[in-house]
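Trainee: Could we go through this structure together, one question at a time?

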Amino acid sequence: MLATTTPTRDAWRTLSVVSLASVLTGLSGSAINVALPEIARHTGAGATAASWILLGYQLTTTVLMVVFGRLADLFGRRRMYLLGLATYTLAALLAGLAPNAWMIVFMRVLQAVGGAMLLTNSAALISDAFPRERLGEGMGVYVASFSIAGLIGPTLGGLLAESLGWRWVFWFNVPIGLLCLLWGVLVLPRPPRAERESGLDGPGNVLVLVTLGGLLLALSEFTRLGWDHPVVLGGLGAFVAGLPLFLLRESRAAHPVVDLSLFRERAFAFGTLASFLNAVARMGMVFLVALYFQAVRGDDPVQAGLKVLPLAVAAMIGSVSSGFLQRLTSARTLAVAGAATTTCGLVVMLSVMSADMPYPAVAAGLVLIGLGSGAFLPSNTTAILDGLPSNRLGIVNAMRLMLQNTGNVVGTGLVLSIITAPLPAALHQSVFAGTLAHLPGGAVEQLVTGYRWALGSMAAISVLTVLSCLARRRAT
């Protein structure tokens, strides 16, 4: 860690690498969100394959998060980060060459392996590089990089899918990934080997994969397949059987993959709970709104991408501002304000949701959600990581991200299931292909009903996020 109160040139260089990689992963995710109907049409993807193009990435990233967090503490964050960049870029190249939708899902899983290495180490690298007094600024710029990607990604995804074809939604990652990899090799510092811990909990890592993977698989698929489907039952069985074994193993392991003692601290427990709930509440907004304008209004991907830009612009402003606002107030207070603002935005969206809702009202809701999320994420991350020793940053950040990404998976599966619940199963594929608006009958109104249910659920969960942030402040 740096002892000075002013970030050095190395700190800003580290931030530049992390931010560029975050733009890369954010661009890819938001571009695919908008281009998914185009990908589904050209690959003949059914509703299951189309949803797993999104869920497969999130599920894999979440399951591997704590594993790579521990490995980074053992073998070095720099090495893990560069390996993640190489894996992510290679998988993007192969995804563009995929002959069918399920091969895209497979390549997205491989891409998620690289993404897990990147996400696990990003905030930890910044926390190591910046002095504590300026950590909020570094985190604000880091989170803003995702907002920049969200600003460009939807439009880029629509343009690439419309003009060059769906394969370029993946291939554009390759030159950016290679540039980021080269820059990272040149500027990321090599930490002293003495700072790394020793010892790897192999059985604990396996139990994480089985237990968390089973739970997320069941949560992602139960609304589509039903509770009695073998896949859902198998996932729940793996979770129920694996959880007590995992807790027993981690309580006795010399080098546990998950430090359970951290959750005895109420401030940490409520902070990570807030991360989880916020992710469930806000996850999928870009996808939901872009899909609404294609499936309900009949817009093309480019038009839909442009209409979600207010969220990304507001999130970028909120992220950058949060670092400077932390000089005036605490990160915990900003997290409360951000979560409350996100809740207001979801309520606005719910109140105006209809088949012909005015776009200014949509934009207002998106701006509130963007400002709230942009302020919450860096503030909450700073509050959790501030003051930790360097050799524990990797695993603690991984635990935070594991719960946050679990929220992403739960949130995505939740909204995908809820919005299509009022529709007959035969029309689900038309929703994901963006062609529902061209069908006769009351299908559009049924989808709007599903949107109301989804937004109401997200708003209620966002209220719980605010309550968790308030409980964390009291515990602190």
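Trainee: In which helix is Thr 333 found, and is Thr 333 buried, partly exposed or exposed?

Mentor: Bear in mind that this is a predicted model. Thr 333 belongs to the helix that covers residues 331–352, which is α14. Its relative accessible area is 24%, and because buried means under 20% and exposed means over 50%, Thr 333 counts as partly exposed.

Trainee: How far apart in space are Thr 333 and Leu 470, C-alpha to C-alpha?

Mentor: Along the sequence, these two residues are separated by 137 residues. In space, however, the distance from C-alpha to C-alpha is 8.5 Å.

Trainee: Which elements give two or more residues to the nonpolar surface patch?

Mentor: The patch, with an area of about 260 Å², is made by Val 313, Ile 317, Val 367 and Leu 371. Leu 371 lies in helix α15 and, at 32% relative accessibility, is partly exposed. The elements that supply two or more residues to the patch are α13 (309–325) and α15 (359–385).

Trainee: Which helix gives the largest share of the largest nonpolar core?

Mentor: This core has 121 residues, and those that touch the most other members are Tyr 81, Tyr 142, Met 285 and Leu 447. Its largest share, 14 residues, is provided by the helix of residues 9–43, namely α1.

Trainee: How many residues are in the second, separate core?

Mentor: Among the members of this second core are Val 67, Phe 68, Leu 71 and Met 117. Counted in full, this separate core has 9 residues.

Note on methods. Residues numbered from 1 in each chain as written. Predicted model: local features only at pLDDT ≥ 70, side-chain atom pairs only at ≥ 80, totals over all residues. Heavy atoms only, no water. Helix = DSSP H or I, 4+ residues; strand = E, 2+ residues; numbered from the N terminus. Buried < 20%, exposed > 50% of the residue type's maximum accessible area, 1.4 Å probe, protein only. Patch = residues over 30% accessible without salt bridge, like charges linked within 9 Å, V, L, I, M, F, W, Y side chains within 5 Å. Areas by Shrake-Rupley, 256 points an atom, 1.4 Å probe, with all protein chains shown as cover. Salt bridge = Lys/Arg side-chain N within 4 Å of Asp/Glu carboxyl O. Core = buried A, V, L, I, M, F, W, Y, C linked by side-chain atoms within 4.5 Å.
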